[in-house]
Amino acid sequence: MSAEFTLNYHAATIQHLGIGLYKQLPQAIAELISNSWDADSHNVKIHINYREKIITVSDDGNGMSAQELNENFLTIARNRRLTDKINDEKNEAGLSKNGRKVTGKKGLGKLALFGIANTIIIDSIQNKKLNSFELNYNDIQGSSNNTYHPKTIHYNVQTDEPNGTKITIKDITLKNLTKIDTLYDSLSKRFNKYSRTDFLVTLASDDGTIKELDEEVFINSIRPKKDEIEFTFSFPDDFETLTNKQSQIVIHNLKEYHINGIICTKKTPLQANQRGFSVLSRGKLASEQSVTQFQDRANDNFYSYAAGYFNIDFLDDDNKKDFISTDRQSIRWEADDELIEIKENLNKLIGIIQREWKKRRSEAKEKKAQENIQKTPSLAETTLSTEDKESINKISKALENDDVDVPEKTKQNILDFAIKSTTSYKKDNSVYKELVPANFRVPQNIGTKIRRLREEMIEAAEDKDINRFILTQGLLLRAMIESTTTVLLKRYWEEASADDLIRINNTPKKLTAENQVDPLSFKVKYETMIRLLSIKGKIAPNRVQSLIDEFSSIRATEHLNTLMHDAHNFPQFNTLKTIWNAVAPQLLAAFDLL
């Protein structure tokens, strides 16, 4: 055999399939990692010298002989799955010597390097023989025919070094080399076959940084951080118990192709470049992460929260057909009827997950909203009415809305303020509670004016200025008594007049019309109400005079009138409390008649 290496190619092949296809470092390095996997490597070491712009990728795989380098590596567009020897143990094509499912097929990966550099050096050892040569892009382009002889460095040189291959990339044309952290993140997404025990890839740089690609990196690159994950859907395991017949058909159809995957959703929206689903085949990226992976339109809210991947080996199991784009950014779904069916079913599966996500999220929001309410300190200080409870629930649910980004502490502050603003809290946690008898309620069927007076009393209970509080509560109490007695007497004016219940200075007063109730004095109206309540069976007859005397003895009329007519004097809190205790039972009895 001639001691030289030969690259046979068609004009412009290197230009179109090398530089034209791969222009970024991660994609080019990924192709070399893929080659190492196919060569049964267990360890791949990538070293980047950022100062001198030199990259080396070495592995401990099978290595290549001089013949294999010529016939395999240096043959462009060679489908190794059709030309390599069938794996003896498993008796099938498309496997490596040790039985791995190979990822290479098109024979174009080696050209990826010319998208980032001009000079490539290949060193390979197999069975104690070292062979190496240098490829130069400019020399290839300047060659006068379709045959190029790389510069031979070693040819079948005896060595004691173990099998393996090293690729050295020099004369790099990229203006800036991808930072090692960014390269690590990108390579993490491209394979899910990394393993500390079987296929460990190590990244190292000239500044001493070392990063390892192991079994954890792929899933970590796809899903949100663990503490940010809300739900995880594992296919097919989490879908075995679905009862919906249409869903069962979808699951069955996908299982027929041995498809599996994981979808994770984040508690909050993902960044745009983190959303969507990847597709892998034979453990290698077949289509990059995208929200439109299985349908052209994906504008539902769900896609802002979801990320994951699916393993579909069927895509790359046919050694002749090719459904994956060379740059591994997309899949030719429409090229095969079975692929069309797979895509349609995957789209339906996403729909199933989407519905389950909405259900779980709604339940989780409801639970979180209730938990937030229970954590609010002011809740322990009051018993919310049904109406107030509904209002607080609405506020808490709104704070869990997807469009609202409120810190947890702020949510607690909002809920605390909302609870303290409720009628229930004001009633239970202010001097109003001490002033107004606990059983004083205005029924819903009572006139609007009286009910509004009661609401005004509760709202005024927040006033911290004692004089203003006394003034407001006293005026409202007087208005409550005035309104209640007036409404009651207007309803029963004829009866009250006929039975001599209306008395002025112990002289009965006869009314001839309802509107004659209005001019009656505050005191007369109240006393008439007591007598009316007695004949209506709401007050025992023997208590009538004592109640009238009590109202007089506590000087209710004088004190309440003072609030209206004296700009300087206010009754004391205890005075209002005494009046409330005296009139509240009679007002409640009057409500029964109204």
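In this predicted model, aspartate 313 is partly exposed, with a relative accessibility of 26%. Its salt-bridge partner is lysine 101, and the closest N and O atoms of the two lie 3.5 Å apart. Aspartate 313 sits in the loop between strand 15 (306-311) and helix 9 (337-375), while lysine 101 sits in the loop between helix 4 (80-83) and strand 4 (117-126), so this pairing ties together parts that are 212 residues apart in sequence. Lysine 101 is likewise partly exposed, at 33%.

The structure holds 29 salt bridges, and two further examples are worth a look. Lysine 510 pairs with aspartate 500, with 2.7 Å between the closest N and O atoms. Here the partners come from the loop between strand 17 (507-508) and helix 17 (522-535) and from the loop between helix 16 (493-498) and strand 16 (503-504), respectively. Within helix 9, glutamate 356 and arginine 360 are 4 residues apart, or about one helical turn, and they form a salt bridge whose closest N and O atoms are 3.0 Å apart.

Charge also gathers on the surface without such pairing: Glu387, Glu390, Glu455, Glu456 and Glu459 make up a negative patch. Helix 10 (386-399) and helix 14 (448-460) each give two or more residues to this patch, and the largest share, 3 residues, comes from helix 14. Glutamate 456, in helix 14, is partly exposed at 41% relative accessibility.

Helix 18 (residues 544-553) offers a view of buried side chains, with Val544, Leu547, Ile548 and Phe551 all buried. These four residues cover an arc of only 100° around the axis, which puts them on the same side of helix 18. Just after this helix, arginine 555 adopts a positive phi of about 55°.

Methods
Residues are numbered from 1 along each chain as its sequence is written. This is a predicted model: local features need pLDDT of at least 70, side-chain atom pairs count only at pLDDT 80 or more; totals for chains, interfaces and linings use all residues. Side-chain values use heavy atoms; hydrogens and water are left out. Patches are made of residues with over 30% relative accessible area and no salt bridge: like charges are joined within 9 Å, nonpolar side chains (Val, Leu, Ile, Met, Phe, Trp, Tyr) within 5 Å. Accessible areas come from the Shrake-Rupley method with a 1.4 Å probe; for residues, only the protein chains shown count as cover. A salt bridge is a side-chain nitrogen of Lys or Arg within 4 Å of a carboxyl oxygen of Asp or Glu. Lys and Arg count as positive and Asp and Glu as negative; His and the chain ends are not counted. The place of a charge is taken as NZ of Lys, CZ of Arg, CG of Asp or CD of Glu. Buried means under 20% relative accessible area, exposed over 50%, partly exposed in between (1.4 Å probe, protein chains only). The arc is that of the directions from the helix axis to the C-beta atoms.
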